[in-house]
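Colleague: I would like a close look at a single part of this model, with the rest of the chain brought in only as far as it helps to place that part. Please take the reasoning slowly.

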Amino acid sequence: MGTIPHEITIDILGRLSVKDLLRFKCVSKPWCSSIEDPYFIKLHLSHSLKTNTNHSLILRHREYHFFSVNCDSLETTHILNHPFGEPKKSIQILGSCNGLLALVNHNDSIFLWNPSTRESQCSSPSIYIARSTYYGFGYDPISDDYKLVRMVQSCGLDDEYFHSEAKVYSLRSNCWRRIKDVCFYLKFSREFGFLANNALHWMVFRTPESRNKELVGFDLGSEEFRFLELPDCCLDEAFLIDIKAMGGDICLTATFRDFSNVDVWIMKEYGVKESWIKLISCYQPEFIPDSPFAVPLAVSKNGDKVLLFIAYKWCNWGSRSDNFVWYDLGSQRVEKVEIRGLPASFDVDLYVDSLVPLNSNALNDQQ
């Protein structure tokens, strides 16, 4: 019996889960070398992103416990041991990209973490205590580098003192550097940006007197900020607005304040132009009883369904079996998702299981 050609072996391995690949590294030295090869790591990640496979939900419970749920099965939760250890202090996910999570604790210490390989790396900046601190984490395909962004602003009484500062951390160079100051105002104590279309995005205020938030994007390649237009519903105070990324695009959810109507918009890029497309419009939707808030998380493999997280933001938290539903875009029907072992209360994010390394030497080897 002849040996399998290397190209076919790589193609087969590229379709497997990270969990299986980590086990198969023990099969032989050639397999271990192939799985650790930077080209294969990118190949495996690209296949996962294109086919919507090897994705997981990450749940944060009581501010410092983390669980994962495999999106291919959506059956049960698994405990994750984060790199901060067991201190019972608040830990938040400030961003997720290509299988890497950026975590920040109550002291603004930052860890980059790959929960699939269990690698982690501290990347905390010199701390400047500020009234407002905004974070973001993403990947720049031009420089093939992962970047953290930290913006801080402070002001004194009657705005007699004002300080604004923005810094970028490069995983490849393993250092922070200051960039030009931002052209907008941060009014909340801590906010996290989301990654879409190779840019980080936040809701900010254009002037100190502004009442309406606007969407600003930070291009990770050019490191320039620019404002983006929002759908007209964002100007209507009758709607509650939630904005994040889904499937690599900007996704905006507008929920009427009496919860009688939910609209979900997706921003699509056409060359240098962007356009908002309404993905879902539901009047008196059956999947939001008891005043919850529907948050789109992911699109199914064949693109005909959207996984929604029913966030009970304005209700008493409790153990529920209807936190997740599949929404069929064609029939507009919903299917409840039963996941075993859900904690009583949690917030949720999505990440792709990957082999992406964290040390800068490994990144430099990929060039």
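Against which helices do the buried residues of α1 pack?

Modeller: The model is a predicted one, and the answer for this part is that the buried residues of α1 pack against three helices, namely α2 (18-24), α3 (29-36) and α4 (38-51). Helix α1 itself covers residues 6-13, and its buried residues are Thr9, Ile10 and Leu13. These three cover an arc of only 100° around the axis, which puts them on the same side of α1.

Two of the partner helices also pack against each other, and that contact deserves a description of its own. Two packed helices are described by the angle between their axes and the distance between the axes. For α3 and α4 the angle is about 65°, and the axes lie 5 Å apart. On the α3 side the contact involves Ser34, Ile35 and Glu36, which meet Pro38, Phe40 and Ile41 of α4. Sorted by class, this contact of α3 with α4 is made up of 4 nonpolar residues, 1 polar residue and 1 charged residue.

Helix α4 also contains Thr51, which is partly exposed, since its relative accessible area is 27%. In space, Thr51 is 9.7 Å from Arg15, C-alpha to C-alpha, although the two are 36 residues apart in sequence.

The remaining partner, α2, leads from the helices to a pocket. Together with β2 (65-70) and β3 (78-80), α2 is among the elements that each supply at least two residues to the lining of the second largest pocket. The volume of this pocket is about 590 Å³. Its lining consists of 21 residues, and those that lie nearest the centre are Lys19, Ser68, Leu80, Pro115 and Asp353. Divided by class, the residues of this lining are 8 nonpolar, 10 polar and 3 charged.

From β3 one can move on to Ser90, which has its place in the loop between β3 and β4 (91-97). With a relative accessibility of 19%, Ser90 counts as buried, because the limit for that class is under 20%. Leaving aside residues up to four places away in sequence, Ser90 touches Arg60, Glu63, Val104, Asn105 and His106.

To set this part in its context, the protein chain has 5 helices and 25 strands. Of its 367 residues, 50% count as buried. Among the contacts in the chain with a separation of 6 or more, 48% are accounted for by residues 24 or more positions apart.

A few sites elsewhere in the chain may be set beside the helical part. Cys282 lies in strand β20, which runs over residues 273-283, and at a relative accessibility of 8% this cysteine counts as buried. Cys282 is 19 residues from Asp263 in sequence, while the C-alpha atoms of the two are 6.4 Å apart.

Ala238, by contrast, is found in a loop, the one between β16 (225-228) and β17 (239-246). Its relative accessible area of 22% makes Ala238 partly exposed. Not counting residues up to four places away in sequence, Ala238 touches Thr255, Phe256 and Arg257. The C-alpha atoms of Ala238 and Ala254 are 9.4 Å apart, and these two alanines are separated by 16 residues in sequence.

Finally, two loop residues have backbone values that you may wish to inspect. Asn197 has a positive phi of about 55° although it is not a glycine, and its place is in the loop between β13 (194-196) and β14 (199-204). With a relative accessible area of 27%, Asn197 is partly exposed. Gln332, again a residue other than glycine, has a positive phi near 60°, and is found in the loop between β23 (324-328) and β24 (334-337). At 48% relative accessibility, Gln332 counts as partly exposed.

To return to your question, Thr9, Ile10 and Leu13 are the buried residues of α1, and the helices they pack against are α2, α3 and α4.

Technical notes. Residues numbered from 1 in each chain as written. Predicted model: local features only at pLDDT ≥ 70, side-chain atom pairs only at ≥ 80, totals over all residues. Heavy atoms only, no water. Buried < 20%, exposed > 50% of the residue type's maximum accessible area, 1.4 Å probe, protein only. Helix = DSSP H or I, 4+ residues; strand = E, 2+ residues; numbered from the N terminus. Arc of directions from axis to C-beta. Contact = heavy atoms within 4.5 Å. 1 Å grid on protein atoms, 1.4 Å probe; cavity = no way out; pocket = protein on both sides within 12 Å on 5 of 7 lines; lining within 4 Å. Points joined across faces, edges and corners; volume = space filled by probe spheres on them. Nonpolar A, V, L, I, M, F, W, Y, C, P; charged D, E, K, R; others polar. Axes fitted to C-alpha atoms, helices over the stretch in contact; angles between N-to-C directions.
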